Amino acid sequence: MRIFKEEQRFNQVWLIIVLLVSAIVPISIYVKDYLEDPSENSTLELFTLILIVLLATGFIFFFKLTTRIDNLGIHYKFFSFHWNFKSIHWNEIDTAYVRTYDPLTDYGGWGIKGGILWNKSKGRAINVSGDIGIQIVFKNGKKLLIGTQKQHEAKNVLATYKSKFN
């Protein structure tokens, strides 16, 4: 029995830079105001604001996409949206394969995407980085794409279980 396991997090350099800038700007403005007139706000308020900004910008790093493929099916969890694995059993799947996609134009970016604002014919996507995904087409016609950084490993494991969903 072959098993595919993968954990991914938001750790792109460009994202870290954007988050750092978005944290530094409001903090520096508030610190500047505080230093110019310390009587306006307390030190506690200053540290509370800094803590809130840092927690808010760092929250994205708690997100984690976990994927598992085994003899029962394909399982995924996008913590902190899913507390438990969502399972797709082989008998629900018409086809599953690894493909390249454009996160921005196909689904509107990274995260849990798709649906109302984007082309519904492409289905939904759950991804954190890159442009490679496990495309699942359900027997009812719906589609789900789960991002992966382990393209070759995912292809090999899906090939192992191909007889279960054909």
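His152 and Ala159 are exposed (over 50% relative accessible area, 1.4 Å probe, protein chains only) on one side of helix α4. On the other side, Ala154, Val157 and Leu158 are buried (under 20%) within α4, residues 151-160. These three share the same side of α4 because they cover an arc of only 100° around the axis, taken from the directions from the helix axis to the C-beta atoms. Helices (H or I, at least four residues) and strands (E, at least two) are DSSP runs, numbered from the N terminus. The buried residues of α4 pack against β1 (4-9), β2 (64-70), β3 (73-79), β5 (93-100) and β8 (132-138).

This is a predicted model, in which local features need pLDDT of at least 70, side-chain atom pairs count only at pLDDT 80 or more, and totals for chains, interfaces and linings use all residues. Residues are numbered from 1 along each chain as its sequence is written, and side-chain values use heavy atoms, with hydrogens and water left out.

**Aromatic pairs**

The whole structure holds 3 aromatic pairs. Rings of Phe, Tyr and Trp (its six-membered ring) pair if their centres lie within 6.5 Å; planes under 30 degrees apart count as stacked, over 60 as edge-to-face and the rest as tilted. Two of the pairs are these:

| Pair | Centre to centre | Angle between planes | Type |
|---|---|---|---|
| Tryptophan 90 and tyrosine 161 | 5.4 Å | 25° | stacked |
| Tyrosine 101 and tyrosine 107 | 5.9 Å | 75° | edge-to-face |

Tryptophan 90 lies in the loop between β4 (86-89) and β5, and tyrosine 161 in the segment after α4, so their pair ties together parts that are 71 residues apart in sequence. Tryptophan 90 is buried, at 3% relative accessibility. Tyrosine 161 is buried too, at 5%. In the other pair, tyrosine 101 is buried at 5% and tyrosine 107 at 0%.

**Helix α1**

Isoleucine 27 lies in helix α1. Its relative accessible area is 15%, so isoleucine 27 counts as buried. Beyond neighbours within four places in sequence, isoleucine 27 is in contact (heavy atoms within 4.5 Å) with Ile50, Val53 and Leu54. Its C-alpha atom is 7.6 Å from that of leucine 49, 22 residues apart along the chain.

Valine 25 is also found in α1 (residues 13-36). At 42% relative accessibility, valine 25 is partly exposed, between the 20% and 50% limits. Val25 belongs to a nonpolar surface patch with Val13, Ile17, Val21 and Ile29. Together they have about 450 Å² of accessible area.

Note on methods: Patch = residues over 30% accessible without salt bridge, like charges linked within 9 Å, V, L, I, M, F, W, Y side chains within 5 Å. Areas by Shrake-Rupley, 256 points an atom, 1.4 Å probe, with all protein chains shown as cover. Salt bridge = Lys/Arg side-chain N within 4 Å of Asp/Glu carboxyl O.
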